[in-house]
Amino acid sequence: QQQAEAVFQDQPGILWQFYLRDGQYAKAREILLGLLEKHPEDTTVLRGLVLAASAAGKRDELQTYLERLLATENTPDNEALKLQMYLEHGIDREATRKHLASYRERFPNDARGVLLEAWLATTEGRLDEALKLANRTLQLVPEDATAWRLRGLIHRLRNDLPQAIEDLENSRRRQPNNATIRMELAQAYVRAGRVSAAVGELKAALNDPQAPDRAREMLEALLKR
């Protein structure tokens, strides 16, 4: 960390990305806000602020910067990013459903749209349909950590714990610093009776200084058991 900070100290456009990947969201946000003052229509900076707000769980900021991003550059990439963030954070489900239907109609073969539709189907309890869509996404983009995570969630909801664990482990291998994935894997381990493995995942998740408080609560409950 110290070496990276020293190397990139005079390159804020790279330093904020390092901080974001390292889980130092407050530092990333501080640099990004400074860059935004100088370049208010820089879409890379706006995307960075969206990701920082999402990682820190700041829904109001997330919506603000998503709207600014789309007002500055209304592209399929940014539309997909907004839909992903709205689904992930449970924001305005009805509007998200309509927007996603429009997106899928305009871009029927876009892998992101397929994944987002699978996500929506999962939240609405349409698990068979969601599983088919998740499988199709993984055929198109087999290295997508989010698709593996979603398929793991679907299998956990279907009570297929061995497959859920395998999928979530695949997701974690692709994004080892993602505390949310580790928490979901820990939940699957607990349901499978693998409490020690769940404790290990939660301890690893807490290596991220910005890990959700829920991770600490889950770990505390397991250690009490």
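**Helix packing, salt bridges and aromatic pairs in a predicted model**

E201 is buried, with a relative accessible area of 7%. The structure described here is a predicted model, and E201 serves as the entry point to its salt bridges. The partner of E201 is R172, and the closest N and O atoms of this salt bridge are 2.9 Å apart. R172 is placed in helix α11 (residues 161-174) and E201 in helix α13 (residues 195-205), so the salt bridge ties together parts of the chain that are 29 residues apart in sequence. R172 has a relative accessibility of 16% and therefore counts as buried, the limit for this class being under 20%.

In total, 20 salt bridges are counted in the model. Side chains of opposite charge can pair when their charged atoms come close. Another of these pairs is formed by R149 and E88, with 3.9 Å between the closest N and O atoms. This pair links distant parts of the chain, since R149 belongs to helix α10 (residues 145-157) and E88 to helix α6, with their positions 61 residues apart. The two partners fall into separate accessibility classes: R149, at a relative accessible area of 14%, is buried, whereas E88, at 32%, is partly exposed.

A further salt bridge joins the side chains of R126 and E124, at 2.6 Å from N to O. R126 is partly exposed, with a relative accessible area of 32%. E124 also counts as partly exposed, at 32% relative accessibility. Both values lie between the limits of 20% and 50%, so neither residue is classed as buried or as exposed. R126 and E124 are also members of one network, in which salt bridges with shared partners join E94, R97, E124, R126 and E129.

Helix α7 covers residues 93-106 and includes H99. At 1.5 Å a residue, the 14 residues of α7 should span 20 Å, and the C-alpha atoms at its ends are 20 Å apart, so the expected and modelled spans agree. The buried residues of α7 include T96, L100, Y103 and R104. Viewed down the helix axis, the buried residues of α7 fall within an arc of 95°, so they line one face of the helix. An α-helix has 3.6 residues a turn, so residues three or four places apart point the same way. On the other side of α7, K98 and E105 are exposed. The cover over the buried residues of α7 includes α6 (76-89), α8 (111-123) and α9 (127-140).

H99 has several contacts outside its own stretch of sequence. With neighbours within four places in sequence left aside, H99 is in contact with E79, K82, L83 and R106. The side chains of H99 and E79 are joined by a polar contact of 2.9 Å. H99 and L83 are 16 residues apart along the chain, and their C-alpha atoms are separated by 7.7 Å.

Two aromatic pairs are present in the structure. In one of them, the ring centres of F18 and Y19 are 5.6 Å apart and the ring planes meet at 45°, so the pair is tilted. F18 and Y19 are both buried. Y103 and F107 form an aromatic pair that is likewise tilted, with 5.0 Å from centre to centre and 50° between the planes. Y103 is one of the buried residues of α7, and its relative accessible area is 0%. F107 counts as partly exposed, at 26% relative accessibility.

Helix α10 also holds R151. With a relative accessible area of 16%, R151 is buried. The side chain of R151 makes a polar contact of 2.8 Å with the side chain of N135. Beyond its neighbours within four places in sequence, R151 is in contact with L131, A134, N135, L138, Q163 and D167.

Technical notes
Residues numbered from 1 in each chain as written. Predicted model: local features only at pLDDT ≥ 70, side-chain atom pairs only at ≥ 80, totals over all residues. Heavy atoms only, no water. Helix = DSSP H or I, 4+ residues; strand = E, 2+ residues; numbered from the N terminus. Contact = heavy atoms within 4.5 Å. Polar contact = N/O pair within 3.5 Å; in protein donor to acceptor, adjacent residues only side chain to side chain. Expected span 1.5 Å × (residues − 1). Buried < 20%, exposed > 50% of the residue type's maximum accessible area, 1.4 Å probe, protein only. Arc of directions from axis to C-beta. Salt bridge = Lys/Arg side-chain N within 4 Å of Asp/Glu carboxyl O. Phe/Tyr/Trp six-rings, centres within 6.5 Å; stacked < 30°, edge-to-face > 60°.
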